[in-house]
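Hi,

Here is the structure I said I would pass on. Have a look at it first, and then read my notes underneath.

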Amino acid sequence: MKQRLAVLGSTGSIGTSTLDVVARHPERFEVFALSAATQVDLLLEQCARFRPRLAAMASASHARLLAEKLAQNSLPTQVLQAPEALELIASHEQIDTVMAAIVGAAGLAPCLAAARAGKRLLLANKEALVVGGEVFLEAVRAGGATLLPIDSEHSAIFQSLPEDPSTWTQRVEKIILTASGGPFRTRAPATLRDVTPEQACAHPNWSMGRKISVDSATMMNKALEVIEARYLFGLDPAQLEVVIHPQSIIHSMVQYRDTSVVAQLGTPDMRVPIAYGLSWPERVESGAAALDFRTLSAMTFEDVAEHGHAQRFPGLRLAWEALAAPRGTTAVLNAANEEAVAAFLARRIRFDQIYAVNRATLEAVVPAQPDTLAALLALDAQARRAAGQVIARLGA
Ligand code: NAD
Ligand code: MG
């Protein structure tokens, strides 16, 4: 039987890489549904190529435009309008697997729907887990879903851990997440105030969406990933470490009680963790180039506490602070950061002010232990309003 897939966010960087892997294995995978926010023409092209039953767009006007173009091309795909459509698709009884490749908290509701419906849930959308936290995990347990990480670090950790999760706490000493350090790893911290959106989005090793590119430049991406690792692997936050590894060859590592370290290596190509998530526990061809150790010149590492990195990347430690604070604080941090990044990309605040927004919002909003989707969405909205006020003050 073919695995039936829904790809939420199919027009993005992860979405298109997913379809690239899927197209290599027509005998294994069938695309049942696709979704995008606004990119009508690319979604139309994907519909022509993969012939999904359903396609969703974020607004009524985009949905109408896509439906017209599908009809002009005699394509039978039925068009739905998000946001409700995303939950409908994610929990559709004819779907086995949901690739969650939407960016930001907008992906939380469909992720929860897929989790409750017991799907195989491939999670690229790290913000959904950072916002959802325990509520997300409870939905996975209650629905009997299979949650598989797509973030390259978490896929690496998952590949380096024993198969049986009940052994993890007893055997594992710590998890070491690698970070490239992004485009500003060697830049003088005092000059970060002059960074433009174009500079922030030019990552040395990975080609990604704009939001995660800015997060990589501030290292807030690594902060979100530390939180993601905490929820995915259940270890104590003190067991989560970050080391800078500029070449992005080691994607992360697990150190065991006996000091033995198991790591996953590869070229920086998201099709590897995507193919692993799609085929787990099997392995299929991903399209990525293999590492060539004869030409690999060096792998280097830097302490995040040295070389001025603490001044350059002050946002990183917010991960541990948020994890130590009341439940829901990671959702506040995520909302603040989404607003701050959007304001930076819109040239309303400076690059170095992203941290100021995140810090001030964490101080302004104390969550009341959200335990439902509605409570999480209300907290997310509250944090965005608080962040908006900080942004307005800074941008004035
Ligand atoms: P992207 O911006 O390239 O794509 C985002 C996709 O989501 C697009 O298809 C867009 O149409 C859709 N979308 C955006 N906002 C939406 C909304 N409000 N409602 C419905 N759909 C919406 O982003 P990306 O780089 O592909 O990243 C997607 C997710 O994967 C992010 O959470 C990111 O952190 C994570 N991730 C990405 C990479 C990478 O290499 N790109 C690596 C690891 C993790
Ligand atoms: Mg990552």
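Below is what I found, going from the whole chain to the strands and then to the ligand.

One thing before you start: this is a predicted model.

**The chain as a whole**

You will be looking at 17 helices and 12 strands. The radius of gyration comes out at 20 Å, and the globule rule gives 21 Å for 396 residues, so the chain is as compact as a globular protein of that length. If you want a feel for the dimensions, the C-alpha trace spans about 60 × 55 × 40 Å along its principal axes. Buried residues account for 50% of the 396 in the chain.

**Strands 1 to 4**

Start at strand 1, residues 3-8, which runs parallel to strand 2 and is joined to it by 6 bridges. Leu8 sits opposite Ser35 of strand 2. Together with helix 1, these two strands form a right-handed β-α-β unit.

Strand 2 covers residues 29-36, and 7 of its 8 residues are buried, so the rest of the structure largely encloses this strand. Its link to strand 3 (residues 54-57) is parallel too, with 4 bridges. Between strand 2 and strand 3 the chain passes through helix 2 (residues 40-50), in a β-α-β crossover that is right-handed. To find the pairing on screen, look for Ser35 opposite Ala56 and Leu34 opposite Ala55.

Strand 3 is a nice one to inspect by side chain. In a regular strand, side chains alternate between the two faces of the sheet. Here Leu54 and Ala56 point one way while Ala55 and Met57 point the other, and all of them are buried.

On to strand 4, residues 78-81: 4 bridges connect it to strand 3, and the two run parallel. Ala55 is the residue standing opposite Val79 of strand 4. The route from strand 3 to strand 4 goes through helix 3 (residues 60-72), and this β-α-β crossover is right-handed.

**The five-stranded sheet**

There is also an open sheet of 5 strands with mixed pairing, in the order 11-10-8-9-12. Strand 11 (261-265) and strand 12 (302-303) are its edges, each pairing on one side only. Within the sheet, strand 8 (residues 172-179) and strand 9 (residues 240-244) are parallel and share 5 bridges. Ala179 has Ile244 of strand 9 as its bridge partner.

**Around the ligand**

Which residues come nearest to ligand 1? Of the 26 around it, they are Gly9, Gly12, Ala106, Met208 and Gly209. Helix 1 (13-23) and helix 6 (126-143) are the elements that give two or more residues to this shell. The largest share is from helix 1, with 3 residues, and that is the helix you met above in the β-α-β unit with strands 1 and 2.

By class, the shell breaks down into 14 nonpolar, 9 polar and 3 charged residues.

Where does ligand 1 lie with respect to the domains? Both domain 1 (3-150) and domain 2 (151-268 + 296-321) contribute residues to the shell, so the ligand lies between them.

Cheers

How values were computed. Residues numbered from 1 in each chain as written. Chains lettered and ligands numbered in written order. Predicted model: local features only at pLDDT ≥ 70, side-chain atom pairs only at ≥ 80, totals over all residues. Near = placed C-beta within 6 Å. Nonpolar A, V, L, I, M, F, W, Y, C, P; charged D, E, K, R; others polar. Domains from an automatic or database assignment. Buried ≥ 20, exposed ≤ 12 C-beta atoms within 10 Å, placed from the backbone. Pairing = 2+ DSSP bridges. Right-handed = clockwise from strand over helix to strand, strands pointing away. Rg over C-alpha atoms; globule rule 2.2 N^0.38 Å.
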